Amino acid sequence: PPGFVESSCPSRIFWMKLNKLLLQGKFFQLEINDPYTGPVLLNEKLASRCGYVLSEDVWGNPVFRASVLGCHVTNEADELFSLTVNIKVSSFSSMRAAVTYTYPMYCSYSSWASREIVCEENYMEVSVRTDVPAVSNDYTVAWMSALPETQNVAYQLWQLMFVSPSGRKTITVSDAAKLGYSFNNTLSRVYLRAPYHNNESDVSVVSGVNMNMVTSTSMYRQRWLLLLIDTTVSCPVDGISFTDTTLTWTVPSVIPTLVVQESTFLSKNIFMGVDGRVIANLEEKNYLLENNETHIRITVPIGAEGGLLKSSVSGGVYGVIYSIDLFLEHTWTDADWQTTKYTVIKSITTPFMPQIPTIINNTLPEDRLFNVAFGHFLPDVSLVAITIGNVPFTLREAQHHGFKIYETPFSNRTKGFILEVSFDDPYILKEYVNRNETKYTLLINYTISVGPEMTLYYHSAEVECVIADIELPEARGYCDEENMYLAIPTFGLHQYWNLYLGNKLLNRHVALTNGYLAATNSTHLILQIPLFAVGVIYEEVSFQKIKARFDVALRKVRTMETLQMFSVSCSFNSSAFIICHPDGAITVSAQMKTVPAIDMSKTKLRDSSCKPREYSEGHAFFKFHVTTCGTSVRFEGDHIIYENEISYEKETLPGQSTPTITRDPDYRLTVLCYYRAKETLVLGASISDPSTSPPFGSGTMVPRSNIAVYRRIRQALNVVSRVSKDESFVEFYKPNMPILRQPVEPVFLEVELKDENPSVELCLENCWVTSSLDFNSTPRWNIIVDG
């Protein structure tokens with residue numbers, strides 16, 4: 001069929017190529033049509049002996065090459081050559097029902113060199129002219145060593161003498177054929193064809209290249225003639241090296257076994273070719289041909305035109321392999337052989353070269369669209385499936401879902417696959433990060449088909465994009481006469497952020513426990529905070545004015561990082577209050593309405609030196625610390641309670657020798673401050689960070705008088721007290737005798753009322769110890785509190 005066969009005659013070789021596209025799914029065989037005996041099936045043994053090569057080019061097209069001196073070639077005067085090949089094609093491996101295509105090839109070749117050597121993939125061939133002059137007189141000694149063998153050369157029969165490390169061997173041509181050699185002569189030439197690495201060969205290193213060499217002499221004797229022809233042949237078996245970007249092929253310039261007189265060696269022409277064609281313009285193809293006194297070096301970039309770069313998978317890793325069919329033709333002269341034409345055909349394939357695919361992130365945040373390029377791949381790679389997150393999609397399913405997938409060309413004849421996915425796709429992972437940013441994550445797993453074998457390769461990638469697309473809420477604060485209010489937008493609450501009061505999550509339970517009111521509408525959370533609620537910060541407290549602030553922290557849900565503080569601050573007018581500060585300070589604004597009115601300047605705390613800071617008629621303002629002014633402390637449940645008392649300056653009645661204790665004062669006001677026992681009380685602090693301060697204590701003022709319109713009449717009482725040495729109350733300490741007690745040791749106190757009035761009762765409410773006889777002196781230590 002048209003286009004099925006293509007042939008040419010580079011140098012002196014039949015070169016035939018079959019089109020693999022017309023052989024897809026079919027089997028083929030080649031037969032060599034012998035003009036005398038008919039078709040001969042081509043096999044490996046026949047090929048190396050007869051000068052045939054059957055292989056594939058880098059694209060997978062079957063290639064057949066044959067020397068013009070091959071076994072079944074018709075030779076006309078060493079100038080015209082013809083060979084007919086039968087191509088048998090069948091749909092069955094048994095080759096039954098095969099169709100045979102007969103293809104004749106013709107080559108003309110007349111410009112023979114004195115010696116021509118061909119180094120093929122599976123054989124070495126040397127041909128020399130038979131009119132070569134006799135042995136040079138200067139080198140008679142070397143040739144004379146062969147004379148003893150020549151005495152036994154058969155009459156009118158060619159024989160071969162091989163020289164190898166194991167010695168010399170002389171055999172007939174027919175015996176040589178049994179060893180895989182092929183020897184014959186044409187009208188004007190003698191040729192020897194030898195396989196690589198046979199018993200008669202040797203390997204030597206020339207300019208760093210291993211050379212396979214067969215040293216032989218072809219001998220023929222007639223009555224008056226002894227013809228000795230040097231048919232030594234030497235071919236390179238390696239010389240290939242690779243880098244990440246190039247391959248290099250090295251062949252020795254001068255091969256000692258082929259050039260006896262190296263001083264007369266002169267290189268004439270060097271050509272290189274690819275796939276049977278000589279490359280005229282090497283620079284255009286980026287090939288590099290170098291030669292010096294020792295070697296010829298051809299350097300080809302990986303992926304260069306003329307070769308094939310194909311994809312492969314090895315051990316689950318994607319990579320490429322580069323193959324190219326090179327040949328080298330070197331012509332030189334020397335004193336012995338005049339002209340030698342040396343041709344080497346080499347098919348080179350690089351090792352597997354891993355190529356980690358790249359992910360190119362072309363995402364445009366403003367478009368809220370992932371744009372990811374996956375490459376670089378050769379044309380023999382195709383995308384067959386994709387997984388987003390953990391959900392697999394065929395390409396059709398992916399397109400139907402809304403993903404965009406398409407190919408795009410890259411440089412160096414490579415390609416990539418573009419994937420476009422919206423940020424808002426349900427399979428995109430979304431995570432709130434930083435202050436107002438969202439991190440969108442696209443998890444991809446690609447499935448690609450590699451090469452004609454359609455090997456599957458998997459590659460996963462993770463692409464992230466962080467954009468500021470979350471608006472932090474802005475709170476609004478306002479106040480009325482008794483409360484502060486904070487209105488906070490509900491969008492994003494509990495999804496991205498939580499509200500915290502100090503270190504406590506401000507939920508509905510905490511709000512109710514602390515006396516807050518929380519209400520929500522469609523857009524906002526409205527928090528009502530009473531002036532004297534837990535958590536209120538009192539920035540300024542004066543006689544009749546309170547400047548208060550309430551802070552709520554906006555924190556990230558996962559990391560607890562504080563992003564913003566929402567505060568509402570207001571000033572309030574208040575004439576009666578008690579504030580228990582976190583540093584232990586207590587401020588009290590007390591009203592005392594009695595009849596008759598009390599001189600507020602004479603009011604005091606338990607320590608009579610603690611007077612009001614400011615006062616007016618019926619109104620006094622105190623500020624003191626829990627460790628001063630006679631403040632007592634006790635524990636009750638999970639609270640610490642500090643207590644003091646505001647009272648009117650007592651008027652005492654004169655006594656005989658001891659102080660006289662009066663009845664209840666006209667007015668007493670008990671001040672209580674409650675602190676949680678597990679909270680930290682910052683004593684002596686002057687400035688505290690509102691975000692880290694513990695909640696304030698709560699305070700109450702308990703009036704202890706009847707607030708009657710009648711003043712009570714003062715009456716002196718006769719009271720005697722003693723301290724017992726133990727709980728038996730039998731033995732007592734003497735008056736004015738020092739008593740030593742540890743703070744945790746009990747004191748056994750006996751108080752007796754010496755009054756016979758049946759309407760009088762003794763109740764011990766507050767008892768303390770002072771360092772002097774003045775019971776108003778300080779410091780003092782409480783013994784009984786609120787008895």
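Partly exposed, in what follows, is the class between buried, under 20% relative accessible area, and exposed, over 50%. Glu 750, at 23% relative accessibility, therefore counts as partly exposed. I will come back to that residue. One caution before going on: this is a predicted model.

First, the chain as a whole. The protein chain contains six helices and 60 strands. It has 787 residues, and 44% of them count as buried. Taking contacts between residues at least 6 apart in sequence, 60% join residues at least 24 apart. The exposed surface of the protein chain is about 41,100 Å², with carbon and sulfur atoms supplying 51% of it.

Now back to Glu 750. Its salt-bridge partner is Arg 722, and the closest N and O atoms are 2.7 Å apart. Glu 750 is in strand S58, residues 748–753, and Arg 722 is in strand S57, residues 719–724, so the bridge ties together parts 28 residues apart in sequence. Arg 722 is partly exposed, with a relative accessible area of 38%. What else does the charged end of Arg 722 sit over? The ring of Phe 732, 3.7 Å from its centre. There is another arrangement of this kind at Phe 92, where Arg 96 lies over the face of the ring, 3.7 Å from the ring centre.

On to the other salt bridges. The structure holds 29 of them. One of these joins the side chains of Asp 424 and Arg 368, at 2.8 Å from N to O. Both partners are in loops: Asp 424 between strands S35 and S36, Arg 368 between strands S30 and S31, and they are 56 residues apart. Arg 368 has a relative accessible area of 25%, so the residue is partly exposed.

Strand S36 itself supplies a partner to another bridge. Arg 558 and Glu 431 meet at 2.9 Å, N to O. Glu 431 is in S36, while Arg 558 is in the loop between strand S46 and strand S47, 127 residues apart. Is Arg 558 buried or exposed? At 68% relative accessibility, Arg 558 counts as exposed. Glu 431 is partly exposed, at 28%.

Salt bridges also join up into a network, which links Glu 6, Lys 17, Asp 57, Asp 275 and Arg 277.

Next, the aromatic residues. The count comes to 29 aromatic pairs. One is Tyr 318 with Phe 377, edge-to-face, with 5.2 Å between the centres and 75 degrees between the planes. Tyr 318 is in strand S27 and Phe 377 in strand S31, 59 residues apart, so the pair links distant parts of the chain. Tyr 318 is buried, at 1% relative accessible area, and Phe 377 is buried at 0%.

A further edge-to-face pair is Tyr 642 with Tyr 675, at 5.8 Å and 80 degrees. Tyr 642 is in strand S54 and Tyr 675 in strand S55, 33 residues apart. Both are buried.

Tyr 318 and Phe 377 also belong to one aromatic cluster, together with Phe 374, Phe 417, Tyr 446 and Tyr 457.Last, the disulfides. There are six. Counting bonded cysteines along the chain, they follow the pattern 1-4, 2-3, 5-6, 7-8, 9-12, 10-11. I will take three of them.

Cys 9 and Cys 107 are joined with their sulfur atoms 1.6 Å apart. The torsion about the S-S bond is about -80 degrees, so this disulfide is left-handed. Cys 9 is in the loop between strands S1 and S2, and Cys 107 is in strand S9, so the link ties together parts 98 residues apart in sequence. Cys 9 is partly exposed, at 32%, whereas Cys 107 is buried, at 6%.

Cys 580 and Cys 673 have their sulfur atoms 1.9 Å apart. This link is left-handed, with -85 degrees about the S-S bond. Cys 580 is in strand S48 and Cys 673 in strand S55, 93 residues apart in sequence. Cys 580 is buried at 2%, and Cys 673 is buried at 0%. Strand S55 also holds Tyr 675, from the tyrosine pair above.

The third disulfide joins Cys 610 to Cys 629, S to S 2.0 Å. Its torsion is about -90 degrees, so it is left-handed. Both cysteines are in loops, Cys 610 between strands S50 and S51 and Cys 629 between strands S52 and S53, 19 residues apart in sequence. Cys 610 is buried, with a relative accessible area of 13%, and Cys 629 is buried, at 10%.

How values were computed. Residues are numbered from 1 along each chain as its sequence is written. This is a predicted model: local features need pLDDT of at least 70, side-chain atom pairs count only at pLDDT 80 or more; totals for chains, interfaces and linings use all residues. Side-chain values use heavy atoms; hydrogens and water are left out. Rings of Phe, Tyr and Trp (its six-membered ring) pair if their centres lie within 6.5 Å; planes under 30 degrees apart count as stacked, over 60 as edge-to-face and the rest as tilted. Helices (H or I, at least four residues) and strands (E, at least two) are DSSP runs, numbered from the N terminus. Buried means under 20% relative accessible area, exposed over 50%, partly exposed in between (1.4 Å probe, protein chains only). A charge sits over a ring if NZ of Lys or CZ of Arg is within 6 Å of the ring centre and within 35 degrees of the ring normal. A salt bridge is a side-chain nitrogen of Lys or Arg within 4 Å of a carboxyl oxygen of Asp or Glu. Contact means heavy atoms within 4.5 Å. Accessible areas come from the Shrake-Rupley method with a 1.4 Å probe; for residues, only the protein chains shown count as cover. A disulfide is a pair of cysteine sulfur atoms within 2.5 Å.
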